[in-house]
Amino acid sequence: MKLKNVFVCFFFFSLVLQVSAQQLKLSGTVRDEKGEPLLGVFILIKGTQQGTSTDFDGNYVLNAKVGDVLSYSFLGMKTVEKKVLAGASQVDVVLKEDIQQLEGTVVVGYGSRKVASRTVASVAQVQGKELTKISTANAMEGLQGRVAGLVITNKSGKPGATSEVLIHGLGSFTAIYDGDDKRASAPLYIMDGVPVNGEVMTMLNPSDIESITVLKDAASTSIYGARAANGVILITTKRGKYNERTNISINHSLSVTTFTNATNDFFNDLVSPREYMDYYIIKDPDGLRRAATRLGYRETDPKAIADRILEENPYNTRWDKVFFKNFVPVLRTDVSVSGGMNNTAYYLSLGYLNQEGMQPHTGFERYNLNLNVDTKITDWLKAGLSVSLGHGESKSVPSESAELNSKVIRLPFYSPVDKNGKRKNFITSLLGDREGFLHPDYEAEKYKGVNYTDEIMPVGFLTFEPFDGLTFKSQLGIQYVLGEGETKSPLPSFIDYRSGGSVGTGATTRNSSKELQKTYTNQLEYRFNVAQRNDFTVLLGQESYENSGSSFSASSKGQPSDAFTMLSHGKERISVSDGYSKSTFNSLFARVEYAYAGKYFLDLSGRRDGSSAFRRNHQYDNFWAVGAMWKVKQERFLENLSWLTDLNVRFSTGLSGNSRIGDYRNALYVQAPQQYVYQGQIGYMLVLPPGNADLKWEQQRKTTFGVNMVFNHNTSINVEYYNRVTYRILSTRKVNSALGFHYIPDNMGDMQNQGIDVTLSSSLYKSANKYFAVRGNFNLNYNSPKVLKIVYAAPYTIKYDDYVGYKVGGGLDWMMPLFKGVNDSGDAEWYLPGNDRFEKQTDDTKATTVFDKWQLTQTTGKPRYAPINGGFSLDATYKSFALDLSFAYSLGRYQINEDRAILENPTYFGRQTFSKKALNYWKQPGDNTDLPKISSRNLMLRDSRLLENASFLRLRSIGLSYTLPQESLGKEAFFKELRLTASAYNIFTLTRFSGVDPEFGGGIASGGYPPTRQYSFGVGLKF
């Protein structure tokens, strides 16, 4: 019994201790080193999701138990941990500044993150929140105008369209052409340490991006060696944080897409039915008579014919309003869950985007799932796993092969509906069925096109830290992209009106592709200090990369009905093709960073790359970089300048490379087509063009000198000069066609880009009570390209079809026949070029009225690429309101206005409408016009008249947000943040360019997708 009583007493005593421990109530105050209270410090009980935060006076109250560890964290401060002791009732904490958090860190490639102000490399970082302000599929649109030296061009308003991205100019003077040369100037994309293709920016959910870092100089890019000649774009995705309670975010936005003012002006400028007829009464009276004969009219007078046509067709149809939808919706929803415990941090997100197109049966739909998990297995072993899944569906209407012109410039006196208001599937032309056309909605129903893309990106790593300062990291990353497309054009029920109403033949095409990129990286980093003033970081690494891809395509015709449209249902014109390619890289790299007394910094890096793009004798090459920085403000002779907060001087030079010439371009290959069978024996033929066994690495030497200054803690200016020289440019060169082919891959020559980057950032105003603040940012890039050397050819090249040319010692110019004017007889005249077509010749005595593009082409003196590009932004906050405006600009830009060649050059009656500007043709001597007399065979030819000044200033985006104050929500609120947003994209553009958009010269009269404007409204919740 005594023993029993002892156990009972022990049980009750333990229970009392446990209850008292659970009911322990702590309070305290959190201050900074100056004794000022800190608002919003997060206090979390480690290993749990329980916590609280400090109030305006830095006070907090928290229930805990003896033995718990409290973690105090605050942005810009070092995290402090305190253990709850028995009998404790108050815990006061002082937090110290953390230079890494306070100044911010950046990713510069391999190894750990760097403090921004102590980084030798030239880098620019954009936070992910800037990318989510625009509800489009392409995340790169959010970067436009935000980074000096980064030029992003959007050439289409089509949902899911990609962007052209250049860093410090073209990497190749042959990159003006399509194909591999164009891609050869694209930067290298790295996502969470893994190389990915540029299309990832369309498939990736911008809400999952923590930041994007642009590497521009040799000190930052040369560590990537063979693929970094055109700069590097590092994408860092969001991750959870250790010892952070679970945060749930839900963001939803609804946007509407509409035409820009320039697009509306474009359609408003088309002639009315009466103007159209009056023009052709003079221009093509015989065409009116032919139409009258077909229609059974007795009238022979062109005016009488025109009047009768207008009387019987009293319409003024705006075909753009029939063809395009306006105010189409864009839906975007993002949900994320993040947090962490003592040993595990996680981030999970789901995303959905549905961007409807303005053309019938067009649009882009995307689904995203992203999971990032980090865990501390032991104190010395960490692991992480990232999985990103994306699924995209792009709808389109394949172009009808017999259709030469866009449906938006059809004749206005045609009606899309009959007398009963029923849609006409086919609109008959005055010239007959052959000149008729399909109703856009009907064609969208009968011509089906869809493309599917699935992207899977798993990344896993292990980090081993045997002792403080030494870190070994092993990482495996995969990008697996599956593509599938199907086109049904037309469906079998499509009526071929041009064939007299017989049932058309169905056709189906299916294609698929697979691309697998695998990157395996090992890196060893050691950080140590010598004599307290000498900091060293040594990095050694190895990387293996493999990219393999396969494709398959099949087509057939003769599908019998809409219910049977599979490939196997078509028994005619069956065609099958497939392909496979593989490329590999093997690399070793190293970097040494040295800092003395926090004032002098030196970086040395080297890399040896081997690529399968070259034969064994040229397979490997070495790349290197040297960078240095001097923090001048740390010197004694400047320490008393209170207005100068910081002054840094940077210098770097180095060599990087490029091997993007395509797979299997270094050898000769043969094929055995089925038709090459002779007397039962298989015949072989050479794959053309043949490869070149003497291909060598393209190399780039880049030198950068920069100065960064900070004034009064609130204004910074950064100025950098760069000189980028590319040697042995990989491209293709022409050969004598007598050999049986026209070109081979080769190293074509050398070119240079040099220029400056300027970035200015300032806190323009901040009220004493901190309620109102205004901050501005400005950036500018000036770039001047020059061709230094061309081998195996004349010292110049003119690409007549692209209207571009280049010459050794000069840049890339627009090349076109130079329009002189309209003479007193009403005929157009052009200048005759001199012996050197790159010397502009405008001698009035040397002109001709005979147009010949091949004989008249010469330099226009206008650069192909704008020399000055940049942007600026303004951010203002007032209490819980925030307003941001972002601008982009381009100066010295010239663009061909393709629409003018179509709309100011009416051909013959009954074909298509035209612009009112075509009415301003020459009528009598003394007329001031660039259009010759109406009897001229061609009014607006492709000459220098089409080359317009396309410099622009664009209000890229404007956004207004309101965050409900925390005190309004209350401590017991269901959610802890409510944010309302309203924004607009592509608001207005100031430009002298007369087309629909200065970035989009291809025109919409020939079927281009016009630029659009977007208005968005959103709500964000955090729990």
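Visitor: Which residues does Asn326 touch, not counting residues up to four places away in sequence?
Guide: This is a predicted model. Asn326 lies in the loop between helix 10 (319-323) and strand 18 (328-340). Leaving out residues up to four places away in sequence, Asn326 touches Thr257, Thr258, Phe259 and Met358.

Visitor: Which side chain joins that of Asn326 in a polar contact of 2.7 Å?
Guide: Thr257, Thr258, Phe259 and Met358 all touch Asn326. A polar contact of 2.7 Å links the side chain of Asn326 to that of Thr258.

Visitor: Is Asn326 buried, exposed or partly exposed?
Guide: Buried needs under 20% relative accessible area, and exposed needs over 50%. Asn326 has 39%, so the residue is partly exposed.

Visitor: How far apart in space are Asn326 and Thr136, C-alpha to C-alpha?
Guide: In sequence, 190 residues separate Asn326 and Thr136. In space, C-alpha to C-alpha, the separation is 17 Å.

Visitor: Which residue meets Glu356 in a salt bridge?
Guide: The N to O distance in this pair is 2.8 Å. One partner, Glu356, lies in strand 19, and the other in the loop between helix 10 and strand 18, so parts 31 residues apart in sequence are tied together. Glu356 is partly exposed at 29% relative accessibility. The salt-bridge partner of Glu356 is Lys325.

Visitor: At what relative accessibility does Lys325 count as partly exposed?
Guide: Partly exposed lies between the 20% and 50% cut-offs. Lys325 falls in that class, with a relative accessibility of 32%.

Visitor: How many salt bridges does a search of the whole structure find?
Guide: Arg274, Asp278, Lys303 and Asp307 are linked in a network of salt bridges. The search of the whole structure finds a total of 38.

Visitor: With which residue does Lys216 form a salt bridge?
Guide: The closest N and O atoms of this pair are 3.1 Å apart. Lys216 lies in the loop between strand 15 and helix 5 (218-221) and its partner in strand 42 (residues 749-766), so the pair ties together parts that are 541 residues apart in sequence. Both residues are buried. The partner of Lys216 is Asp757.

Visitor: Which residue forms a salt bridge with Glu635, with the closest N and O atoms 3.6 Å apart?
Guide: Glu635 is buried, with a relative accessible area of 11%. The partner counts as buried too, at 17% relative accessibility. Glu635 forms this salt bridge with Lys599.

Visitor: How many residues of strand 16 are buried?
Guide: On one side, Val232, Leu234 and Thr236 are buried. On the other side, Ile233, Ile235 and Thr237 are buried. Both faces of strand 16 are thus covered, and the count of buried residues is 6 of 6.

Visitor: In which sense do strand 13 and strand 16 pair, parallel or antiparallel?
Guide: Strand 15 (residues 209-215) runs antiparallel to strand 16, with 6 bridges between them. There, Ser211 has Thr236 as its bridge partner. Strand 13 (residues 188-191) has 4 bridges to strand 16, and their pairing is parallel.

Visitor: Which residue in strand 16 is the bridge partner of Leu188?
Guide: Strand 16 spans residues 232-237. The bridge partner of Leu188 in this strand is Val232.

Visitor: Which strands stand at the edges of the open sheet with the order 44-45-46-50?
Guide: This sheet has 4 strands with antiparallel pairing. Each edge strand has a single partner strand, so one side of each is left without a neighbour in the sheet. The edges are strand 44 (796-799) and strand 50 (857-863).

Visitor: Which residue in strand 46 does Val804 stand opposite?
Guide: Strand 45 (residues 804-807) and strand 46 (residues 812-817) are antiparallel and share 3 bridges. Opposite Val804 in strand 46 stands Trp814.

Visitor: Which residue in strand 48 stands opposite Val822?
Guide: Strand 48 belongs to an open sheet of 3 strands in the order 47-48-49. Strand 47 is joined to strand 48 (residues 828-831) by 3 bridges, in antiparallel fashion. Opposite Val822 is Ala828.

Visitor: What positive phi does Ala531 have, although it is not a glycine?
Guide: Ala531 sits in the loop between strand 28 (506-530) and strand 29 (534-559). Ala531 counts as exposed, at 61% relative accessibility. Its phi is positive, at about 55°.

How values were computed:
Residues numbered from 1 in each chain as written. Predicted model: local features only at pLDDT ≥ 70, side-chain atom pairs only at ≥ 80, totals over all residues. Heavy atoms only, no water. Pairing = 2+ DSSP bridges. Helix = DSSP H or I, 4+ residues; strand = E, 2+ residues; numbered from the N terminus. Buried < 20%, exposed > 50% of the residue type's maximum accessible area, 1.4 Å probe, protein only. Contact = heavy atoms within 4.5 Å. Polar contact = N/O pair within 3.5 Å; in protein donor to acceptor, adjacent residues only side chain to side chain. Salt bridge = Lys/Arg side-chain N within 4 Å of Asp/Glu carboxyl O.
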